[in-house]
Amino acid sequence: MIEIELKGYADNRVFRNIREAFEFMRKESHEDIYFGHPCRDFSKTDEALRIRIKRFNGHFEALLTYKGPRIDNISKTRKEIEVTIDNVDAYIELLHALGFREVLTVKKSREKYYVEKGVTITLDEIEGLGKFVEIEKLEKDERNIENEVKRLLKILESLGVKHFERKSYLELLMEKANLSEKS
């Protein structure tokens, strides 16, 4: 699957517009632990490997996710492979044994909203960064990416989003802390 994703900076007005326009799904708490590869620099190859610990409505879920390089120049669209895991500590131990190392943990509070079939918007408050909005759709056919990016961009603009960001939360936090993946 290809994840088509656009992210923009948000304020209280943008959050309010989204809350009024779309159906609330749930509030989630995320802890994303990012890992560095032992033989290549993911910041140079534009890839990511993380374990996401997600909590919502008394539920716990953990996922191991690989994100490939971005496909286009506007959005954060990329191939994504996600696997549900049941023992976070064992997976972290396994990754360490293979030479992967923890780079940074991103903590966020997320509100998820239903836009239409296959499309969600999230309101994110990132510890150390502030407020953002993301719109996301999973796509099978690469030929649809350009049109879908334009359509999702229009939705965010209609909600008051003016400034967009292609960098991941990890990249933004590392820049803020003046770190590199090799640190």
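These legends go with several close-up views of a predicted model. Residues are numbered from 1 along each chain as its sequence is written, and side-chain values use heavy atoms, leaving out hydrogens and water. Because the model is predicted, local features need pLDDT of at least 70 and side-chain atom pairs count only at pLDDT 80 or more, while totals for chains, interfaces and linings use all residues.

**View 1. Ile 4 sits in strand β1 (residues 2-9).**
Strands here are DSSP runs of E with at least two residues, and helices are runs of H or I with at least four, numbered from the N terminus. Ile 4 has 0% relative accessibility and so counts as buried (under 20% relative accessible area; exposed is over 50%, partly exposed in between, with a 1.4 Å probe and protein chains only). Beyond its neighbours within four places in sequence, Ile 4 is in contact (heavy atoms within 4.5 Å) with residues including Thr 77, Ile 135, Val 149 and Leu 152.

**View 2. Lys 108 meets Asp 32 from strand β6 (residues 101-116).**
The two side chains make a polar contact of 3.2 Å. Such a contact is a pair of N or O atoms within 3.5 Å; within protein, one must be able to donate a hydrogen and the other to accept it, and residues adjacent in sequence count only if both atoms are side-chain atoms. Lys 108 counts as buried, at 5% relative accessibility.

**View 3. Strand β7 (residues 119-126) pairs with β6 and with β8 (residues 130-139).**
Strands pair if DSSP finds at least two bridges between them. β6 and β7 run antiparallel over eight bridges, and eight bridges also join β7 to β8 in the antiparallel sense. Follow Glu 125 across: its bridge partner in β6 is Ser 109, and in β8 it is Lys 131. Seven of the eight residues of β7 are buried, so this strand is largely enclosed by the rest of the structure.

**View 4. Lys 67 and Glu 3 form a salt bridge.**
The term means a side-chain nitrogen of Lys or Arg within 4 Å of a carboxyl oxygen of Asp or Glu. The closest N and O atoms of this pair are 2.9 Å apart. Lys 67 in β4 (residues 59-70) and Glu 3 in β1 are 64 residues apart.

**View 5. Glu 148 and Arg 151 pair within helix α4 (residues 145-158).**
Their salt bridge spans 2.9 Å, N to O, and the residues lie three apart, about one turn of the helix. Glu 148 is buried at 13%, whereas Arg 151 is partly exposed at 29%. Salt bridges that share partners join both of them with Glu 116, Lys 137 and Glu 139 into one network.
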